[in-house]
Amino acid sequence: MSYLRWLVRTRRHPSAILLLVQLVGMVLYPFMESTDAGRIAFGVFGIVMLVLQAMFGMPQLLVVSSALEALFYFYAAGSLISYMLEDRRATTDELFAAGATFTLLAWGFTYLFLLLQALQPGCFTAAVNPAEPRTWTELMYMSFALLSSTGIGDVIPITPHARALAALEMFVGVMYLAAVVSRLIWLTLQEQRDHDGRR
């Protein structure tokens with residue numbers, strides 16, 4: 001019977017499942033990124049390009065796969081934002097969608113940073129191994145720091161293009177909070193006031 005309840009809840013709140021999968025993926029990826037098998041298992045969407053890149057040393061595929069991944073994540077984020085804005089009610093699923101959208105935006109920018117790094121080597125540096133290319137996990141860390149406006153941390157964009165992209169992500173983060181999250185909070189408070197007024 002508990003399986004049936006769980007199934008009903010997942011159908012009622014699909015954004016919660018998406019958010020959970022994304023957060024688990026964020027925690028697991030650093031353990032997997034050092035092996036080819038881990039990257040292939042984790043990156044189902046880009047599996048063909050990763051295999052070709054690993055087998056034939058085709059660095060240009062990193063550019064293509066990063067661009068496609070970024071496009072995919074931004075499209076998914078835009079779809080979730082549209083879902084959250086389509087009515088004047090804040091449901092529990094829309095609150096989960098707010099978190100899922102935030103991670104999609106951060107991952108989209110992570111892939112744009114990876115794309116930029118492939119096109120312009122040395123555009124990012126860090127306190128540890130400053131001359132080495134940044135890993136996906138390091139760029140994801142920077143992406144979350146920029147999107148949440150908590151600060152860059154130890155990964156730093158050092159070229160004008162990298163800084164412009166970082167500034168764009170900061171702007172998107174502020175606008176996301178101002179436009180989408182604040183709207184959901186307002187709708188939740190409004191619904192609570194209406195509910196209290198009916199008593």
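How many of the 12 residues of helix H7 are buried? In this predicted model, the count is 10 of 12, so H7 is mostly covered. The buried residues include Trp136 and Thr137 at the start of the list, then Leu139, Met140 and Met142. Ser143, Phe144, Ala145, Leu146 and Leu147 are buried as well.

The length of H7 can be checked with simple arithmetic. The helix runs over residues 136-147, and at 1.5 Å a residue its 12 residues should span 16 Å. The C-alpha atoms at its two ends are 16 Å apart, which agrees with that expectation. Just after H7, the chain reaches serine 149, whose phi is positive, at about 60°.

Further along the chain is isoleucine 158. This residue sits in the loop between strand S2 (155-157) and helix H8 (160-197). Is isoleucine 158 buried or exposed? Its relative accessibility is 39%, and because a residue is buried under 20% and exposed over 50%, isoleucine 158 counts as partly exposed. Apart from neighbours within four places in sequence, isoleucine 158 is in contact with Gly122, Cys123, Phe124, Thr125 and Arg163. One of these, phenylalanine 124, is 34 residues away along the chain, yet the two C-alpha atoms are separated by 5.6 Å.

The next topic is the aromatic rings. A pair of aromatic rings is described by the distance of the centres and the angle of the planes. Across the whole structure there are 10 aromatic pairs. One of them joins phenylalanine 74 and phenylalanine 109, with 5.1 Å from centre to centre and 80° between the planes, an edge-to-face arrangement. Phenylalanine 74 belongs to helix H5 (residues 60-85) and phenylalanine 109 to helix H6 (residues 92-119), so this pair ties together parts that are 35 residues apart in sequence. The two partners are not covered alike: phenylalanine 74 counts as partly exposed at 26% relative accessibility, whereas phenylalanine 109, at 4%, counts as buried.

Phenylalanine 124, already met as a contact of isoleucine 158, pairs with phenylalanine 113. Their ring centres are 5.4 Å apart and their planes lie at 75°, so this pair is edge-to-face. Phenylalanine 113 is in helix H6 and phenylalanine 124 in strand S1 (residues 124-126), so the pair ties together parts that are 11 residues apart in sequence. Both of these phenylalanines are buried.

Finally, ring pairs link Phe72, Tyr73, Trp107, Tyr111 and Trp136 into a cluster. Trp136 leads back to the opening question, being one of the buried residues of H7.

Conventions: Residues numbered from 1 in each chain as written. Predicted model: local features only at pLDDT ≥ 70, side-chain atom pairs only at ≥ 80, totals over all residues. Heavy atoms only, no water. Helix = DSSP H or I, 4+ residues; strand = E, 2+ residues; numbered from the N terminus. Expected span 1.5 Å × (residues − 1). Buried < 20%, exposed > 50% of the residue type's maximum accessible area, 1.4 Å probe, protein only. Contact = heavy atoms within 4.5 Å. Phe/Tyr/Trp six-rings, centres within 6.5 Å; stacked < 30°, edge-to-face > 60°.
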